[in-house]
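User: Could you walk me through the packing in this one?
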Amino acid sequence: MPFTRLVRRQLIVHAAATGAFALAVFAPVPAFSQPAAQWPERPVKLLVTVGAGGAADTLSRNLASGFAQFANNQPLVIENRPGAGGTIAAAAVARERPDGYTLFLAEVGPNAVSHMLTKLPYDPHTAFTPIIHAVNLPAVVLVRSTLPYKTLPEFIAAAKQQPGKFNYASAGLGNWTHLFMAYLNSQAGIEQVNVVYRSGAKMLLALLRNEADTAIISVSTSLGQVREGKIRALAGASIRPMRQLPDVPPVGNTISGFDVSVWHGIVGPAGMDPALVARINGIFNQVLQVPTVRTAITEAQAADIVGGTPQQFDAFIKGELKRWPEVVRAAGIKPE
C-alpha cells in the first residue's frame with residue numbers, strides 16, 4: 001500500500017475510534033470562561049507525536065516533572081499518540097476546546113511541513129495557538145555499526161554508486177526524522193528507502209538489529225549506543241558543535257549550508273484566550289528554570305532551552321511555515 005494511503009488510513013481509523021473527524025472546518029466551541037489565574041483546576045493533557053522512549057517523549061516527561069508545583073498541584077499528563085508523522089496527535093488537539101486542558105508538543109513536521117506532503121484534517125497556519133518555544137535538540141546522522149563507512153563523505157560516495165540499496169529509519173511521513181534525512185539525501189544527490197517506525201527509540205533499535213542502515217536521531221536518544229560503539233555517528237545535523245560528541249563534524253562540512261535542529265514547543269487549539277495563554281506560558285517558563293528540569297534537558301538530552309513569549313514562538317512558527325515548504329519544493333521531496 002502506498003505510504004500516503006497508509007497515512008490517510010491511519011488518520012481515518014483514529015478518527016472513527018474517537019468521534020467525528022472534520023476534514024477542514026472545526027465546529028465552533030464555547031469561549032474560555034474560567035479566570036486564567038485559576039487554571040488549571042484539573043489535570044492537563046499534553047499530546048506527544050511519538051511512542052515512549054523517543055526524544056519528544058523524554059522531553060515531555062521532563063517538563064511534566066516540574067509542572068505541578070506551578071500549576072495548582074495539577075499534573076501534566078503525557079499522552080502518546082504516535083503515527084502519521086505526528087499529524088494524528090496534532091489533529092486531535094486541533095479539534096479540542098481551547099480551554100488549556102489539552103495541549104500539544106509541537107514540532108516541525110505536523111506544525112510546518114506535513115501539509116506539503118499529504119492532505120491533513122487541519123491547517124497548521126490557523127489550527128493552533130502558540131504558547132512557548134521550549135527547546136531545540138541536536139540530531140545526528142547515524143549508520144549501523146556493521147557498515148564500513150567511517151565518515152559522511154564515504155557513505156555518500158557508496159550510496160551514489162548503489163542508488164536505493166540503503167534504507168533509513170524514520171518516524172513517519174513529515175516527521176522531522178523523515179524530513180531531515182530526505183533533505184540530506186536530496187542535497188547529497190543520493191537515494192535511500194524510507195522505513196517507518198513509531199519512535200526514535202524504535203528507530204535506534206532498528207539500527208542495532210541491522211534492520212535499518214541509517215537514520216537521523218536526536219543525540220539524547222542515541223548517545224549511549226554511539227559511545228559504546230554499537231552504532232556509528234557520521235555527522236551532526238546542526239552546524240553548531242555537539243557538546244556530547246565533540247569529535248563528530250557537522251553535515252555542513254560536507255554539504256554547504258546544511259543546518260537543522262529539532263525544535264519543540266507547546267501549542268493549544270486555536271482561539272485560546274490571551275490571558276490563559278499568558279498564564280500557561282508563565283508556568284512553562286518557570287518549569288524550564290527548575291534546576292532538575294534544566295539539567296535533564298541540557299545535559300541528559302543535550303538540548304538548548306529557549307523559553308520566551310507566545311509572540312516570539314508565533315513568529316518562529318510562521319518562519320518555519322515559510323522555510324520548510326520552500327525546502328521541500330527545492331529538494332523535490334515527494335509524498336511517499
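**Packing around Leu184**

User: Which residues is Leu184 in contact with, leaving aside its neighbours within four places in sequence?
Analyst: With those neighbours set aside, Leu184 is in contact (heavy atoms within 4.5 Å) with Val141, Ile216, Val251, Ile255 and Phe258. This is a predicted model, where local features need pLDDT of at least 70 and side-chain atom pairs count only at pLDDT 80 or more, while totals for chains, interfaces and linings use all residues. Residues are numbered from 1 along each chain as its sequence is written, and side-chain values use heavy atoms, with hydrogens and water left out.

User: And which residues touch the most other members of the largest nonpolar core?
Analyst: Among the 93 residues of that core, they are Leu63, Val108, Phe180, Leu184, Ile266, Phe284 and Trp324; a core here is a set of buried (under 20% relative accessible area, 1.4 Å probe, protein chains only) Ala, Val, Leu, Ile, Met, Phe, Trp, Tyr and Cys residues joined through side-chain atoms within 4.5 Å.

User: Which helix gives the most to this core?
Analyst: Helix α6, residues 176-188, with eight residues, helices being DSSP runs (H or I, at least four residues) numbered from the N terminus.

User: How do α6 and α11 lie to each other?
Analyst: Their axes, lines fitted to C-alpha atoms over the stretch in contact, with angles from 0 to 180 degrees between N-to-C directions, come within 10 Å and cross at roughly 40 degrees. The two helices are therefore oblique, that is, outside the ranges under 35, over 145 and 65 to 115 degrees.

User: Which residues meet there?
Analyst: Leu179, Phe180, Tyr183 and Ser186 in α6 meet Trp324, Val327, Val328 and Ala331 in α11.

Conventions:
Buried < 20%, exposed > 50% of the residue type's maximum accessible area, 1.4 Å probe, protein only.
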